Amino acid sequence: MAEPTQTREPPSSLAEPLLHLGCQSCGARLMLEPALRTTRCPYCAAPAVVERPPVPGVPEPVFALGFALTHTTAKAHVARWLRTRSRFTRSGIRSASPGEVKGVYVPAYLYSVLAQARYRASIGENYQETETYTTTENGKTVTRTRTVTRTEWRPLEGELSGYVADVLVTASKGLENAELEALEPFDLRALARYTPALISGWMAEEPSLTLEECRALARREAVDRVGVKLTRFMPGDSYRELQHQARLEWEALDVCLLPVWVLAVKYAEDAPPLRVLVNGQTGAVHGKAPISPWKVLAAVVFVLALLAVGWLLTSGGGR
Amino acid sequence: MSALAVKVEPCQRCDSALEVEDLRCPVCGLTAPPPPRAAVERARARVVRCDSCGAAVEYSVEAKAPRCDYCGSVTHVETTADPVEQAQAWLPFTVDPEAARGALMGFLGRGGFFRPSGLAQEASLESLRPVWWPAWMFDAGVDVSWTADSNAGARRSEWAPHAGRTRFDFEDISVPASRGLKVKECEALAPHYQRGSARDTQVGPEGAHVERFESTRSGARKSVLDAVERLSLERLKQGVIPGRIFRNIHVAVALSSLRTRRLALPVYVMAYRYRDKPYRVLVHGQDAGVVLGDAPISAWRVAAAVLAVLVVLAGLLYAAGMH
């Protein structure tokens, strides 16, 4: 579970066999993993981009976002990220030095759709009312008036239609969608049409999740975005019971290769290395630094002890 | 303007016009159809070669493009271009400089009560510059979803919520791109142009200045989309949302068939001097009746008017006191 590109089963268990191809530079035999799109000849170091006959259900990449962050900058971002972790992370993490950093083009689907949503909500409209009340002042009962704000709830139904573009979902088993979301946003203005030259010399994965899984993920994200848009779309002073149903039309889904720096941080001999991801375009860092249960326990015990001492002292002073 | 020669099919989803370099539709995000690629028959490990020296090319972060390490040449990659574009069509000047000067004199002579009396005679024309100012002109169909509070149907609260969906068609809406003219001036000039008169060549007085578009293609698209939202909001207020007063108007637009043209629109920019103070006046390049600008105000005449009002008031008060 160390790195996205190395979580594969041994090649023998894969349906597709290892590809044996000749190096165009020196003629040596290259052995290729089916999950990878690029390789480098072990003899002459020539970078190669694998071209395969089209496989049904595995679309070719249409777009790619090039790396904009150098190897050293990515490493520096991770080092700073490690230093700024919480004190409760396992010992060694905050002082660990990032190990080998690998740049990987991770496949993702870029999804856009025309969403037609029907919604229903209860809209709260405020109004002011003057009410009289009795109170006791200087021992006498008096009647006073005051202004109170009340809310009138009115039902509202309607439609919202709009394009939802720029939805990115992972197409790789090595990168979970939640991880991709943590690395987002990518600047899609820099989108380039895929060409083998863009990934030459870098590691690039083939999509490993099926189109159907990815489409379901993308649909969910699009419907969620419509929901978020609706919360800002409601009139009135407040709203409640907002429900919506979105009909998605004109779906479009294209493979886009995203630049991600991946590295494994070894912080203890006995623990598996910590996986850290860096957005290859913006430098956003994502990783889950494990919390040390001992440190948390120690802190809790310390606070309890402090409270106990404080209580003893005060009750001792009161005697 | 060679790019115009290449015809690009509009977006299949929203029917908006695309530029040659667009990878995706700027309105709805649909991928533009890619150029046909030769099908791969047999798997192979292709080494991408440098066009100039034949060495293997790798993507370079520093160059943000594939670069050859040996000869340093950078391979071009297709990305969404964002150029600063120039006008596609020019509207001709139909008002000649002589007529423009006449229009200015008419404007100064018309004056009104507060203008100094000798203005038309004493003002000296300093400069008269024919200028083509840049504007985007767009047509679009818009599917507008909206919600708002209005007084219609209100019960205990002054406001009642409303929602709806409607379709607007915008035709020949101009969005000024000029830096030299004020937005107000552009808005006043724009309705008086004859749309049909656009030409491929510049027809106008000698030495007419062409003000260049300053913003890039993406900036232009943003201005146009902002204009669509603003206009939709205004149209919603004119009879679509029930009621008289509104608040919390939310608009979501789904554009279709957006067509944008870049136009150069003719105007005369004039400067005249009156008693050592410069003033600026615009005369429409296609309709001499449209003149915008400042003119001096006679301090004496204003003082006289104020005095007259005061005298009348005092007289009235006096009369009331006598009663």
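## Pairing across the chains

A:Val50 stands opposite B:Ala45, a residue of strand E1 of chain B. The model is a predicted one. The register continues at A:Glu51, whose bridge partner in E1 of chain B is B:Arg44. These residues belong to an antiparallel pairing of E4 of chain A with E1 of chain B, the latter spanning residues 44–46, and 3 bridges join the two strands.

Strand E4 of chain A covers residues 47–51 and is mostly covered, with 4 of its 5 residues buried.

## The three-stranded sheet

E4 of chain A also pairs with E3 of chain A, residues 38–40, in the antiparallel sense and over 3 bridges. Within that pairing, A:Arg40 has A:Pro47 of E4 as its bridge partner. The hairpin formed by E3 and E4 of chain A has 6 residues between its strands, and A:Ala45 takes a positive phi near 65 degrees there.

Taken together, 3 strands make up an open, antiparallel sheet in the order E3 of chain A, E4 of chain A, E1 of chain B. E3 of chain A and E1 of chain B are the edge strands, each pairing on one side only. On average, and with direction ignored, neighbouring strands of this sheet are turned by 40 degrees against each other.

## The contact between chains A and B

On the side of chain B, 49 residues are in contact with 62 residues of chain A. Five strands of chain B each supply at least two residues of the side that touches chain A: E1, E2 (57–60), E5, E6 (160–176) and E8 (246–274). By class, the residues on this side of chain B divide into 23 nonpolar, 11 polar and 15 charged.

## B:Ser145 in strand E5

B:Ser145 is found in strand E5 of chain B, which runs over residues 124–150. Is this serine buried or exposed? B:Ser145 is buried, because 22 other C-beta atoms lie within 10 Å, and the threshold for burial is 20 or more.

Leaving aside neighbours within four places in sequence, B:Ser145 is in contact with residues of both chains: A:Glu159, A:Leu160 and A:Ser161 from chain A, and B:Arg165 and B:Ala252 from chain B. For B:Ser145 and B:Trp300, which are 155 residues apart along the chain, the C-alpha atoms are separated by 56 Å.

## The largest nonpolar core

The largest nonpolar core holds 148 residues, and those that touch the most other members are A:Tyr105, A:Ala108, A:Tyr109, A:Cys256, A:Val260 and B:Val283. Strand E6 of chain A, residues 101–137, gives the most to this core, with 14 residues.

A:Val260 can serve as an example of these contacts. Not counting residues up to four places away in sequence, A:Val260 touches A:Val104, A:Val106, A:Leu175, A:Leu183, A:Leu277, A:Val278, A:Asn279 and A:Gly280.

## Domains of chain A

According to the domain assignment, chain A comprises domain 1, made of the segments 4–123 and 154–288, and domain 2, covering 293–319. The C-alpha centres of domain 1 and domain 2 of chain A lie 47 Å apart.

Notes. Residues are numbered from 1 along each chain as its sequence is written. Chains are lettered from A and ligands numbered from 1 in the order in which they are written. This is a predicted model: local features need pLDDT of at least 70, side-chain atom pairs count only at pLDDT 80 or more; totals for chains, interfaces and linings use all residues. A residue is buried if 20 or more other C-beta atoms lie within 10 Å of its own, exposed if 12 or fewer, and partly exposed in between; C-beta atoms are placed from the backbone. Two strands pair if DSSP finds at least two bridges between them. Axes are lines fitted to C-alpha atoms, for helices over the stretch in contact, and angles run from 0 to 180 degrees between N-to-C directions. Two residues are in contact if their C-beta atoms, placed from the backbone, lie within 7 Å. Domain bounds come from an automatic or database domain assignment. Ala, Val, Leu, Ile, Met, Phe, Trp, Tyr, Cys and Pro count as nonpolar, Asp, Glu, Lys and Arg as charged, and the others, Gly among them, as polar. A nonpolar core is a set of buried Ala, Val, Leu, Ile, Met, Phe, Trp, Tyr and Cys residues joined through C-beta atoms within 7 Å.
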